[in-house]
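Here are my notes from a read through this one, point by point. Have the viewer open while you go.

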Amino acid sequence: MTTTVIRNADWVVAWDAAAQRHVYRRGIDVVFAEDRITAVGRNQAGPADRVVDGKNRMVMPGLIDLHSHPEHEPSYRGVREEHGLPSMHMTGLYERSQAFSAPDDEARAANAEFAYCELLLSGVTSLVDISPGWEGWIDLFAKSGLRGFLAPGYASARWRLENDFDLKFDWDEARGRAGFTAALELIDRAARHPSGRLSGVVSPMQIDTCTADLLRDSLDAAQERGLPFTVHVAQSVTEVQEMIRRHGKTPVQWAHGIGILGPETILGHALFLDTHSWIRWWTKRDLTLIADSGAAVAHCPTPFARYGQMMENFGDYLRAGVTMGLGTDTTPHNLVEEMRKAAVLARIAARDIATVTTADLFHAATVGGAKALLREDLGRIAPGCKADLVLLDLECPQMVPARDPLRSFVYHAADRAVRDVFVDGQQVVGDGKVLTLDQADAGRRLAAAQQRMLEAAPRRDYRGRSAAQIVPLSLPLDE
């Protein structure tokens, strides 16, 4: 058994089990043997195979990304940031997804490897990756060193556009059922991987593209396996209006009515509730339904902020009793930036600086995500928990002065302060560099993959437009 001691760390974000919260501790040791933390405290005696100097370091639990799409999002760099349709309530989701997609498994591998590097370098140690199943996914996830929760997506219908304002659906339940079967097979295969770090999340894709039977059967399969269940819910005004047209209910109310809200459920986004200013439905039930069911919400502020939208507001969800986690959902895959954005946007939405605190957002990015994933051994530094640890450099200029290092990290330094990362006791980032993957090589392959994606746009777009016509460059190209 290999034992590692992080000796005399200047700051440690430790878990106070009695108070059920993170606390600062100073000048202490963190000890882990193999994949588990064994001791947290001063002057830990006993033999050690490796000693890490904790001077000028803050040790914190690894972050948990509860919602991401790494197999295609990096290809959207330079494409997605300002793409949206006013005629579809500002979202670009439907037009973009029908025009631009990862063209092949080689592209998916390049996207995912690049994203996994970004995530590790920002302190993420556990990742929910919601992607279509692709060849090599399990092996790459294992190679990365991340703690992987594979969430292969499937659906009963596909979105279709004939114009820029009316979303249509092509239904094929047989295809959805085949995707469900394939997803479960992939999840079961991942769980058998010898790394011991891979698991799954059962993931029917969207509330508006899945039948009630497929959603209920998916939840049953998750419960049989002791796994979480996730679905995109209330992610656009268009979706909310469609569900009200079909059922006379909001997406959250329909999900409650068919019995898919519960402690295993992670709702992707759940932003446009009945009380949201962009919806203003006559009911005021959605938030209470989520909270009372025990379901969690994966909040990803960046894509919505780019459309001019925001959750109203994160603090209200917390006070209602909702388990809140954070995700990336878009590029860059940087969960620290999502913490910062979530805090600022919550205060703007509430017009109240006290609606959320830095501690609230850090809790969501660690313990909140762990609870949603049904894992009490993640997201905290305490004996018996997994040795998923991040060491920050307190001498990084953006961390100085480190009067309150967590605030320095969230509001100033972000990924620039991350020096070392351990997952399951194995070091995966050293001195600010990913040790398991090659981001530069992935970047070269990603650039080629993006070019193939852009070239395919006229064959996929409902109007046959080029990528340049759909998403012009931010400045004119003077030739």
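1. What radius of gyration would a compact globule with 479 residues have, and what does the protein chain have? The rule puts a compact globule of that length near 23 Å, and the protein chain comes in at 22 Å, so the two agree. Keep in mind that this is a predicted model.

2. On overall dimensions, the C-alpha trace spans about 70 × 55 × 45 Å along its principal axes. The protein chain has 15 helices and 22 strands. If you look at contacts between residues at least 6 apart in sequence, 74% of them join residues at least 24 apart.

3. Now the inside and the outside. Buried residues account for 59% of the 479. The accessible surface adds up to about 19,000 Å², and carbon and sulfur atoms own 49% of that. As for charge, there are 53 positive and 63 negative side chains, with the centres of the two sets 3 Å apart.

4. Have a look at lysine 386, in the loop between α12 (358–372) and β19 (389–393). Is this lysine buried or exposed? Its relative accessibility is 9%, and the cut-off for buried is under 20%, so lysine 386 counts as buried. Its side chain makes a polar contact with the side chain of aspartate 35, at 2.5 Å. Setting aside neighbours within four places in sequence, lysine 386 also touches Arg36, Ile37, Arg147, Arg375, Asp377, Leu378 and Asp424.

5. Next, helix α8 (residues 286–293). Which of its residues are buried? They are Asp286, Leu289, Ile290, Ala291 and Ser293. The cover over them includes two helices, α7 (251–257) and α10 (314–320), along with the strands β16 (265–269) and β17 (296–299). Right after α8 comes glycine 294, with a positive phi near 85°.

6. Last stop is aspartate 431, in the loop between β21 (426–430) and β22 (433–434). With a relative accessible area of 55%, and exposed meaning over 50%, aspartate 431 counts as exposed. Leaving out neighbours within four places in sequence, aspartate 431 is in contact with Arg419 and Asp420. Valine 421 sits 10 residues away along the chain, and its C-alpha is 9.1 Å from that of aspartate 431.

7. If you have time for just one comparison, put the two loop residues side by side: lysine 386 is buried at 9%, whereas aspartate 431 is exposed at 55%.

Terms used:
Residues are numbered from 1 along each chain as its sequence is written. This is a predicted model: local features need pLDDT of at least 70, side-chain atom pairs count only at pLDDT 80 or more; totals for chains, interfaces and linings use all residues. Side-chain values use heavy atoms; hydrogens and water are left out. Helices (H or I, at least four residues) and strands (E, at least two) are DSSP runs, numbered from the N terminus. The radius of gyration is taken over C-alpha atoms; the globule rule is 2.2 Å times the number of residues to the power 0.38. Buried means under 20% relative accessible area, exposed over 50%, partly exposed in between (1.4 Å probe, protein chains only). Contact means heavy atoms within 4.5 Å. Accessible areas come from the Shrake-Rupley method with a 1.4 Å probe; for residues, only the protein chains shown count as cover. Lys and Arg count as positive and Asp and Glu as negative; His and the chain ends are not counted. The place of a charge is taken as NZ of Lys, CZ of Arg, CG of Asp or CD of Glu. A polar contact is a pair of N or O atoms within 3.5 Å; within protein, one must be able to donate a hydrogen and the other to accept it, and residues adjacent in sequence count only if both atoms are side-chain atoms.
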